[in-house]
Amino acid sequence: MKLAKLLNEQRVFLDLNAKTCAEVMEELVGHLADQGVLLNGMRARALSALQCREDEISTGVGCGVAIPHAYLDDLEEPVAIFGRSEGGIDFSACDHAPVHFVVLLLIPEKKRGQHLLTLADIGKRFLSCETRKSLASAESKEAVLEIFSH
């Protein structure tokens, strides 16, 4: 599934407050819970699953990008949320650079294989220096969604 199909204005945040990996996951998962996407204790399970995944190996993939992702049993459809940090976040990325762009992805356990295409789409988009520059200078949520739609 393409990233653009998983995002909307309520799932784009241009000014993350978080300074650490754990804080950014808490902030973004908190937004999903506030939107009613994560119900009945799913927030805590999502945070735990994301942290377990992060403990295995950093999801900071380089070039200022992190893609924290995890599986949830009681999720019906994949969920994504995008956040941007001007100051950067320490994700222990493979290139040791701070992360400025975070795409958090939650995948239903029963749809494990589907996320690989989504991860590939995200990775391909962020390989482009031009895309990263455009996202860094985007002044609105609409502009971010437009960038992801091409």
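There are zero disulfides in this structure, where a disulfide would be a pair of cysteine sulfur atoms within 2.5 Å. This is a predicted model, so local features need pLDDT of at least 70 and side-chain atom pairs count only at pLDDT 80 or more, while totals for chains, interfaces and linings use all residues. Residues are numbered from 1 along each chain as its sequence is written, and side-chain values use heavy atoms, with hydrogens and water left out.

Here is how two of the cysteines look. Buried stands for under 20% relative accessible area, exposed for over 50%, and partly exposed for anything in between (1.4 Å probe, protein chains only).

| Cysteine | Closest cysteine sulfur | Sulfur distance | Relative accessible area |
|---|---|---|---|
| Cys 21 | Cys 52 | 12 Å | 10%, buried |
| Cys 94 | Cys 63 | 7.9 Å | 57%, exposed |

Why does Cys 21 not bond with Cys 52? Their sulfurs are 12 Å apart, which is too far for a bond. Cys 94 has the sulfur of Cys 63 as its closest cysteine sulfur, and at 7.9 Å that is also too far.

On to the fold. The chain has six helices and six strands, and reading from the N terminus the order is α-β-α-α-β-β-β-β-β-α-α-α. Its radius of gyration is 14 Å, close to the 15 Å from the globule rule for 150 residues, so the chain is as compact as a globular protein of that length. That radius is taken over C-alpha atoms, and the rule is 2.2 Å times the number of residues to the power 0.38. Helices (H or I, at least four residues) and strands (E, at least two) are DSSP runs, numbered from the N terminus.

Along the principal axes, the C-alpha atoms fill a box of roughly 40 × 30 × 30 Å. Of the 150 residues, 47% are buried. If you count contacts (heavy atoms within 4.5 Å) with a separation of 6 or more, 68% of them join residues 24 or more positions apart.

What about charge? The chain carries 16 positive and 22 negative side chains, with the centres of the two sets 6 Å apart. Lys and Arg are the positive ones and Asp and Glu the negative ones, leaving out His and the chain ends; each charge is placed at NZ of Lys, CZ of Arg, CG of Asp or CD of Glu.

One residue to zoom in on is Thr 131, in helix H5 (residues 129-137). Is Thr 131 buried or exposed? Its relative accessibility is 18%, so Thr 131 counts as buried. Setting aside neighbours within four places in sequence, Thr 131 is in contact with Arg 125 and Ile 147.
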